[in-house]
Amino acid sequence: MSAASLAHARHVLSGNPVTALAFGLFALLVGTAIIGPELVPFDPIAAAGPALQPPSARHPFGTDAIGRDVFSRVIAAARLDLGMAFAAVAIVFACGTLAGAAAGLFGGWTDRIVGRLADTIMAFPLFVLAMGIVAALGNTVTNIVIATAVVNFPLYVRIARTEASTRRGAGYVEAARLSGYGEAHILFREILPNLLPIMMVQVSLTLGYAILNCAGLSFIGLGVRPPAPEWGIMVAEGASAIISGEWWIALFPGLALMTAVFTFNLLGDGLRDIVDPRRRT
Amino acid sequence: MTIDRRLVLKGTAAAGAAALAAPPFRPAAAQSRRETLLMVSENPPNSTDIHGVGANRPAYEASWNLYDRLLTFGVKKDSNGNDHYDYETLLPELAEEWDLRPMSVTFKLRRDARFQDGTPVTAADVKWSFDRAVSVGGFPTFQMGAGSLEKREQFVVVDDHTFRVDFLRRDKLTMPDLGVPVPVIINAGLARRNATEQDPWAMTWLRSNPAGSGAYRLERWVPGQEMVFARNDAWTQGPRPGLARVIWRIVPQSGNRRALLERGDADLSFDLPPKDFQELQAARRLKVISTPVENALQYIGMNCERGPFTNVKLRQAVACAVPYQRLMEQALFGQAIPMFGGPAQPETAAWPQPSPFTTDLARARALVAEAGFPNGLDTTLSFDLGLATVNEPISLALAENLAAIGIRVTINKVPGANWRNELLKKEMPLITNTFGGWLNYPDYFFYWAYHGQNAVFNSMSYRNPQMDALIDRSRFAEDRAEYEAAVKGFVAIAWADVPRIPLFQPNLNVAMQQSIQGYRYWFHRQLDYRTLSKTA
Amino acid sequence: MMLAVIAGRLAAALPTLAGVVVVTFLLTRALPGDPAAYFAGPAATREAVEQIRAQLGLDRSLGVQFLGYLRELARGDLGLSITTGQPVLSDIVARLPASAELTLLALLFAALAGISLGALAALRPNGWLDNLCRVIATLGVCLPAFFTGLLLIYVFYYLLGWAPAPLGRLDAFAAPPPHVTGFFLIDSLLAGDGETFRSALAQILLPALSLGIFAVAPIARITRGSMLAVMSSDFIRAARAHGLSARTVVIAYALRNALLPVVTTLGMVFSFLLGANVLIEKVFAWPGIGSYAVEALIASDYAPVQGFVMTMGFLYVLLNLAIDLLYRVIDPRMEVTA
């Protein structure tokens with residue numbers, strides 16, 4: 001980013017404390033995911049004390065049904081949850097943007113095939129489709145990532161396609177064609193770079209959805225396998241404990257989930273303001 | 001610029017609060033509530049016909065209460081003073097008396113017994129029903145065969161109210177097998193009118209149209225949601241039931257079931273996690289009845305035909321590595337009977353009885369080395385995801401201890417519907433599972449779980465001719481001393497070869513309101529509505 | 001004219017529907033779990049299972065199975081459910097009104113809350129109210145749906161006792177109203193049965209709230225954006241210049257015009273809610289098709305899953321068509337291309 005756009009970014013941030021907060025939280029989350037597991041007081045998968053203890057000085061978030069320290073598990077889970085979310089979004093971003101841009105630029109059969117693929121995926125309630133894919137392929141981390149990516153594919157395709165087809169007849173594209181550059185070059189060098197800012201907005205929103213998707217799958221029993229710490233599984237485990245009064249097992253991972261998704265959503269809004277103020281909603 | 005946002009907000013809030021505060025629907029008569037039981041559970045019945053293909057456990061309960069059988073079991077008190085069926089006493093139900101001979105038994109049917117549509121119960125109906133049970137295949141046929149009831153020729157109609165069963169061999173299990181849920185008496189006339197060429201046993205019709213003589217009739221069935229039973233006032237096979245109606249509602253979340261019980265909105269539930277039962281018991285607001293499930297064990301099984309555990313020393317190593325006490329506390333919250341730490345050689349012919357093993361990691365490590373695995377090994381531990389509440393903590397704790405002796409384990413959660421198939425394949429090296437038999441005899445248990453006939457319940461493919469000889473001898477032993485010697489013999493081999501490591505005998509827990517009386521534990525672990533009643 | 005548009009839209013949807021059928025088939029065939037082992041019973045030998053497998057036709061090639069599947073579809077036979085023992089089609093028909101009623105009520109709540117919040121936020125853009133609305137709306141989307149439901153049950157049923165027991169659509173001792181639409185709220189009013197109406201309303205409030213909270217944010221967002229665009233337009237300025245009261249301007253003119261894009265969003269939100277239904281139905285023991293499918297999925301009972309996915313696919317296509325046509329009716333300027 002050039003100095004001018006950085007200055008523009010700073011300008012927007014200073015006028016918008018909510019977005020600044022979002023950026024701060026984002027940094028915190030990523031930091032937790034990267035170094036958190038090294039710093040936790042207890043081993044997230046081994047019993048650390050008596051089971052079902054309420055929050056105390058030793059266990060700030062209490063212990064769960066097997067005696068594991070909830071605080072350590074919540075921090076350690078950040079890596080898995082964010083990792084899966086980023087992986088899924090990276091995949092769908094790459095594939096979806098490329099497919100959509102190609103469809104928008106080339107039209108014809110590319111457009112039709114990509115469009116049909118996206119329509120077929122969108123014909124299913126997205127969560128149900130994710131459930132089906134994970135159930136069919138087996139609930140490993142890889143498959144959950146794939147399912148999340150597949151389910152978000154149509155959205156990226158649609159946005160990229162719209163943007164690409166709008167720019168299809170733009171001046172600089174015509175100029176490139178006249179200069180003798182091939183269609184592939186135009187796609188990669190002219191269209192895609194201009195799409196990036198808008199797709200970034202979508203990326204941060206999808207990150208939030210990906211995390212919720214994993215949580216929902218875990219609730220049904222199609223999430224990651226134990227004893228891996230993951231926010232969704234922890235909420236599912238704590239769900240039945242809520243009624244008997246052990247609220248901490250589900251509440252803290254639930255709050256962590258909420259914070260992460262909240263951050264990504266606000267981030268998306270903020271990025272949209274920076275990138276395309278006309279689109280501000 | 002102001003708008004009446006306050007009006008909008010106030011209006012919405014008022015509407016919401018009003019609806020929330022509306023009292024829940026209260027039925028007109030408190031009297032009818034006292035005669036109605038509301039039971040909540042997790043899994044719905046998928047049929048009212050126990051002979052039906054794929055009938056599930058909840059379907060057994062529906063069948064038990066909608067139909068009668070020739071005879072039933074008596075009642076005794078267990079060690080906690082609760083009613084418990086008595087497997088040693090057989091009592092009349094549809095048969096008012098019987099004449100037991102060496103190779104046959106002749107039943108005299110009650111003359112006043114009527115099906116729920118008013119037609120009398122005759123021996124022809126009994127024969128049709130028994131023929132059906134041994135002909136449809138699957139579980140009902142298998143269960144009939146467990147009591148040597150195998151061929152239609154065994155069932156003879158002597159006259160309208162006399163029915164004879166001829167024996168193929170002398171089997172002490174034949175009579176009790178007539179009291180299990182499977183040999184129900186169906187209204188053959190009604191069923192045959194609804195049968196077709198392709199469906200001579202009326203399987204499709206009987207699935208949702210019970211044609212029995214039982215103490216309760218089916219008032220309403222919304223599959224997957226609820227089943228409502230109403231008392232059959234013309235029932236003559238026993239004392240008049242105390243409940244006029246039983247409503248069985250499906251509530252998938254265990255937390256919700258517990259909340260309903262605690263608030264008094266539901267009357268009874270079986271399906272709660274052990275931790276919840278422990279807490280409810282301590283809180284004393286509800287009545288919690290815990291009964292050890294007869295002839296049942298949760299165990300750890302090791303494949304004796306393929307994989308590393310064909311080596312008996314390795315199996316013994318695992319038996320010494322299990323964290324028994326921790327399992328009792330963490331997985332079961334003390335809600336089971338420990339089956340470890342017993343005498344080195346069996347001293348009684350009781351079953352289940354504790355194995356001689358205890359947690360001894362040093363000895364376990366030595367055994368692993370002796371078995372020839374100085375660097376340990378890698379293997380998989382599988383369990384039935386449908387019973388994850390208990391299986392998962394067991395597996396996690398076991399994996400931890402096994403890692404400490406060099407056996408590195410990956411945990412494999414098998415979805416409930418696959419579990420049976422996986423067991424059939426007999427390829428899993430290490431599993432934890434539960435097994436119990438309806439007929440409370442050690443030889444019955446061992447016949448299905450340890451005998452070289454390699455039934456699906458012998459999940460470990462264990463084959464030992466010595467074991468088989470002792471089991472066969474005990475099944476048909478006439479002499480009590482000979483029987484007990486054979487039983488102790490095969491239990492001793494079970495400890496020496498340890499293809500299965502017993503963990504505990506599970507409890508059947510049920511929580512109910514204090515006003516509910518007459519709960520009776522049955523071997524089929526389902527609820528018998530006929531003995532229940534409510535005090536004020 | 002309208003008929004031509006409808007026909008055109010339906011024709012365009014056919015390939016998508018075909019895609020739905022194929023994907024559903026492949027997905028459910030790929031599910032782990034062996035119905036043959038299930039049907040053969042708990043004590044079956046390997047041979048018995050193979051026999052049942054042949055009987056069910058599961059040992060034939062995928063192509064042959066697909067043709068059989070298509071043939072059954074044409075007959076309207078969606079198969080038999082192992083868990084309920086009923087034909088899948090009758091299960092779905094029986095349970096669809098429950099999901100629809102819940103989703104529609106949730107949508108109603110979300111629309112009311114979302115439009116109000118969005119309109120409020122638009123009146124003073126970038127003010128504290130705007131930011132607050134943005135935060136509130138976003139918070140709703142962030143919590144997992146099942147978590148919201150559990151919390152609400154804990155607070156309103158267990159602690160406060162205001163909400164009734166989460167036992168399903170009606171109190172256990174109430175009988176359902178005579179069947180007209182399958183929507184208990186409507187049917188009980190039609191039958192003049194106030195008690196049942198109150199019971200049904202009390203039971204549906206908490207799940208509808210949990211589900212609706214999720215949808216407030218996108219609706220609020222679109223309303224806000226749309227209102228902002230409309231408020232700065234010429235005809236509004238003209239109305240103000242003519243001295244019309246603020247209330248008239250906002251409600252009678254601005255809001256009405258701003259609602260157009262909201263209508264499309266509502267459609268999208270509705271289909272999204274139909275999917276999120278699944279988790280809420282599980283938490284509240286709501287007897288809808290979402291919980292039906294999940295239970296079947298867990299049990300590897302694939303006929304209901306197949307039926308459910310296909311039903312949803314078809315519903316979605318029809319829904320989109322309805323939204324398109326509605327849009328055209330509201331704003332004839334929009335060119336609806338076939």
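## Cysteines

With a relative accessibility of 17%, Cys304(B) falls under the 20% limit and therefore counts as buried in this predicted model. Across all chains the structure contains zero disulfides, and for Cys304(B) the nearest cysteine sulfur, which belongs to Cys320(B), is 16 Å away, so that Cys304(B) takes part in no disulfide when the cut-off is a sulfur pair within 2.5 Å.

Chain A offers a second case. The cysteine sulfur closest to that of Cys95(A) is found in Cys214(A) at a distance of 18 Å, which is too far for a bond. As to its surroundings, Cys95(A) has a relative accessibility of 40% and is for that reason classed as partly exposed, whereas Cys304(B), at 17%, is classed as buried.

## Thr97 and Leu195 in chain A

Thr97(A) is part of helix H3 of chain A, and its relative accessibility of 5% places it among the buried residues. When residues up to four places away in sequence are not counted, Thr97(A) touches Val92(A), Tyr156(A), Ala160(A), Leu192(A), Leu195(A) and Met199(A).

One of these partners, Leu195(A), belongs to helix H8 of chain A, which runs over residues 183-220. Leu195(A) is buried as well, its relative accessible area being 1%. Once neighbours within four places in sequence are set aside, the contacts of Leu195(A) are Thr97(A), Ala101(A), Ala160(A), Glu163(A), Ala164(A) and Arg167(A); Ala160(A) therefore appears in the contact lists of both Thr97(A) and Leu195(A), where contact means heavy atoms within 4.5 Å. For a separation rather than a contact, one may take Leu195(A) and Thr142(A), which stand 53 residues apart in sequence and 28 Å apart in space, from C-alpha to C-alpha.

## Helices H3 and H4 of chain A

The helix that carries Thr97(A), H3(A), covers residues 70-106 and packs against H4(A), residues 108-122, at an angle of about 140° and with the two axes 7 Å apart. The two helices are therefore oblique to each other, given that an angle has to be over 145 degrees to count as roughly antiparallel, and the crossing of H3(A) and H4(A) is left-handed.

On the side of H3(A), the contact is made by Ala99(A), Ala102(A), Ala103(A) and Phe106(A), and on the side of H4(A) by Gly108(A), Thr110(A), Asp111(A) and Val114(A). Sorted by class, the residues in this contact of H3(A) with H4(A) are five nonpolar, two polar and one charged.

## Helices H16 and H18 of chain B

In chain B, the axes of H16(B), residues 442-449, and H18(B), residues 480-497, come within 11 Å and cross at roughly 40°. That angle makes H16(B) oblique to H18(B), since roughly parallel would require an angle under 35 degrees, and the crossing of the two helices is left-handed.

H16(B) contributes Pro442(B), Asp443(B) and Phe446(B) to the contact, while H18(B) contributes Tyr483(B), Val487(B), Phe490(B), Val491(B) and Ala494(B). Seven nonpolar residues and one charged residue, with no polar ones, make up the contact of H16(B) with H18(B).

## Chain C: overall form and one helix pair

Chain C has 13 helices and zero strands, and its pattern along the sequence is accordingly written α-α-α-α-α-α-α-α-α-α-α-α-α. The C-alpha trace of this chain spans about 85 × 55 × 40 Å along its principal axes, and of its 338 residues 55% are buried. Where contacts in chain C join residues at least 6 apart in sequence, 72% of them join residues at least 24 apart.

Helices H7(C), residues 145-159, and H11(C), residues 246-284, have axes that come within 8 Å and cross at roughly 30°. They are therefore roughly parallel to each other, because the angle lies under 35 degrees, and the crossing of H7(C) and H11(C) is right-handed.

From H7(C), the residues Ala145(C), Phe146(C), Gly149(C), Leu150(C) and Ile153(C) meet Leu279(C), Ile280(C), Val283(C) and Phe284(C) from H11(C). By class, this contact of H7(C) with H11(C) is made up of eight nonpolar residues and one polar residue, with no charged residues.

Definitions and conventions:
Residues numbered from 1 in each chain as written. Chains lettered and ligands numbered in written order. Predicted model: local features only at pLDDT ≥ 70, side-chain atom pairs only at ≥ 80, totals over all residues. Heavy atoms only, no water. Buried < 20%, exposed > 50% of the residue type's maximum accessible area, 1.4 Å probe, protein only. Axes fitted to C-alpha atoms, helices over the stretch in contact; angles between N-to-C directions. Helix = DSSP H or I, 4+ residues; strand = E, 2+ residues; numbered from the N terminus. Parallel < 35°, antiparallel > 145°, perpendicular 65-115°, else oblique. Left-handed = near helix turned anticlockwise from the far one by under 90°. Nonpolar A, V, L, I, M, F, W, Y, C, P; charged D, E, K, R; others polar.
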